[in-house]
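Reader: I would like to learn how to read the main features of a model such as this one. Could you take me through them in turn, giving the general idea before the particular case?

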Amino acid sequence: MDKACYALLLALALCILSGCQSTNHQSRGQEVSTASESRYDSMSEEASLADASSQDNSIPSQNPLFLSQEYLPEYDMQNDIQRFEWFCETPLLDYFIPGDGFLWYYDKSVGKLGKLCPRPECTHDDNTCNAFLPGSFKGGGLCYYDGLLYYLSDIQTKDIMKKQQLYCGLYSLSLDGTQRNYVQDVNFSTNGFNGFFRLHRGYIYHGVINTIVAGGESQTRIIIRRQILGDSSAEAEILFEKKVEPNRGCDFFFQISGTTMYLLIEEHLITEDILQYEDLEACTIDLRDNVCKPVGSYHLEDGCLTTDMHEYDGVIYIARYNPFESLADLTAESINMVTGDWNRICTVPNKYGVYPLIGKGIVTGIGVRSETSDAERMIVIADHNGNILSELPVAMTEPQRSNREIMTNSIVKYTTNEVLILLYGEVSGVPTKETIRLSEALLSCISIFNQNGNWDSRIITP
Ligand SMILES: [Zn+2]
């Protein structure tokens with residue numbers, strides 16, 4: 001494992017142990033350019049919305065269309081996207097925010113990548129660019145919903161300053177990037193970590209791990225809520241809430257298919273750089289009545305931590321890695337969400353000390369360390385049964401080669417047909433403006449595998 005990555009993991013472990021509140025767990029070094037320190041760290045969160053009115057709105061969960069168990073591409077959560085990627089797919093283009101504060105697009109049909117700005121005279125490198133999105137992005141998500149893009153920002157919430165700690169502003173963007181609109185405040189605390197948000201069938205779903213201060217004591221909790229999209233007067237409903245034992249680290253993962261949320265709650269204990277155990281709890285929530293049904297609890301002492309989860313056909317697939325042994329094998333597990341049966345699918349070699357990623361299969365191996373040779377820059381793809389499909393070299397641009405660049409991971413989507421990869425470069429683990437500029441310059445390679453292992457790599461100059 002490269003030093004930057006290890007330092008990040010160590011910082012993460014310390015962060016979890018110390019109850020750090022405002023650090024995002026993303027570990028990519030991408031959320032850098034526009035992020036500012038929370039000005040509200042010392043404030044505690046309050047639970048309720050203040051200005052609910054009696055405005056009458058239809059309830060999305062009762063909309064007959066939204067009771068379908070079929071996938072509705074205009075309205076459903078895109079489950080193939082990696083948890084922390086600001087990435088979404090639309091009928092024509094893929095869109096993403098790599099952490100540089102700009103909205104990028106990728107046109108797969110012609111292989112064109114760029115910032116979403118139509119002005120030819122623009123240099124696309126400052127806040128006058130159409131593609132520049134002001135604010136600090138929150139909630140680990142860029143969502144496509146019914147013809148628009150949506151994202152959360154911590155600025156310009158419509159109400160007073162104190163609300164900014166309790167609320168984010170939800171913004172919509174037209175697909176050409178020219179129309180940006182404030183939609184509503186979302187009861188999503190900026191004072192937390194592992195924030196995650198998605199849109200699904202008329203609702204904004206969001207989860208976060210945060211710390212509330214009550215009676216002079218801090219209490220860490222996982223909280224998942226939903227709010228009606230487009231109805232700023234509707235109260236957020238709490239779908240799931242769990243207080244975490246003091247000194248325990250925690251995480252959560254959810255995906256939504258049809259009318260069911262698949263939820264995995266993680267708790268672990270680290271003492272003296274040893275992961276003592278990981279506890280996982282799986283449950284489903286019926287989104288028609290919000291009833292939570294436990295599926296199973298799993299106590300693990302194999303030294304691995306869960307990094308991502310993917311639901312497919314009523315089974316959740318779980319990717320795990322060892323945070324203290326950088327080259328230990330990665331493991332993939334599955335839980336049948338009806339029977340609760342647990343299966344270890346496979347172990348996948350972790351040649352580069354990076355996180356495993358899971359979609360409609362298992363991917364690992366993007367890790368380009370400055371001391372390694374080009375020939376070692378590989379990606380490993382396995383199917384859900386653990387059969388390794390491909391071990392293929394990662395395409396590099398010439399600047400990446402000559403700088404012997406550390407590439408941060410970014411496999412953002414693993415569907416039945418393809419693995420979509422964005423590569424980001426970074427000079428060190430410390431994000432600086434210079435690093436950001438260099439990263440932008442190096443964001444010039446997008447690669448697609450199909451599942452047969454054919455490598456359709458495109459080197460693109462934005
Ligand atoms: Zn521009």
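**Reading the fold, from a loop residue to the core**

Author: Let us begin with a loop residue, bearing in mind that the model is predicted. Glutamine 69 lies in the loop that runs between helix H1 (3–17) and strand S1 (87–89).

Reader: Is glutamine 69 buried or exposed?

Author: Burial is read by counting neighbours, and a residue with 12 or fewer other C-beta atoms within 10 Å of its own is called exposed. Glutamine 69 has 8 such atoms within 10 Å, and it is therefore exposed.

Reader: Which residues is glutamine 69 in contact with, once its neighbours within four places in sequence are left aside?

Author: Glutamine 69 is then in contact with Gly258 and Thr259. Serine 257 is 188 residues away from glutamine 69 in sequence, yet their C-alpha atoms are 7.4 Å apart in space. For the protein chain, among contacts between residues at least 6 apart in sequence, 51% join residues at least 24 apart.

Reader: How many helices and strands are there in the protein chain, and how should I read a sheet?

Author: The protein chain has four helices and 30 strands. Strands of a sheet pair through backbone hydrogen bonds, in either a parallel or an antiparallel way. One open sheet here has four strands in the order S9-S10-S11-S12, and their pairing is antiparallel. Strand S9 (192–200) and strand S12 (237–243) each have a single partner strand and stand at the edges, so one side of each lacks a neighbour in the sheet. On average, and with direction ignored, neighbouring strands of this sheet are turned by 20° against each other.

Reader: How many bridges join strand S11 to S12?

Author: Strand S11 (residues 217–228) and S12 run antiparallel and are joined by six bridges; as to single residues, isoleucine 224 has phenylalanine 240 in S12 as its bridge partner.

Reader: What can be said of strand S6, in its covering and its pairing?

Author: Strand S6 (residues 148–153) is mostly covered, with five of its six residues buried. S6 pairs with strand S7 (residues 168–173) in the antiparallel sense over five bridges, and tyrosine 150 has serine 172 in S7 as its bridge partner.

Reader: Which residues of the largest nonpolar core touch the most other members?

Author: In the protein chain, 47% of the 462 residues are buried. The largest nonpolar core has 84 residues, of which Leu142, Leu264 and Ile316 touch the most other members. Strand S14 (residues 260–271) gives the largest share of this core, six residues. Leaving out residues up to four places away in sequence, leucine 264 touches several residues, including Phe252, Phe253, Leu280 and Ile316.

Terms used
Residues are numbered from 1 along each chain as its sequence is written. This is a predicted model: local features need pLDDT of at least 70, side-chain atom pairs count only at pLDDT 80 or more; totals for chains, interfaces and linings use all residues. Two strands pair if DSSP finds at least two bridges between them. Helices (H or I, at least four residues) and strands (E, at least two) are DSSP runs, numbered from the N terminus. Axes are lines fitted to C-alpha atoms, for helices over the stretch in contact, and angles run from 0 to 180 degrees between N-to-C directions. A residue is buried if 20 or more other C-beta atoms lie within 10 Å of its own, exposed if 12 or fewer, and partly exposed in between; C-beta atoms are placed from the backbone. Two residues are in contact if their C-beta atoms, placed from the backbone, lie within 7 Å. A nonpolar core is a set of buried Ala, Val, Leu, Ile, Met, Phe, Trp, Tyr and Cys residues joined through C-beta atoms within 7 Å.
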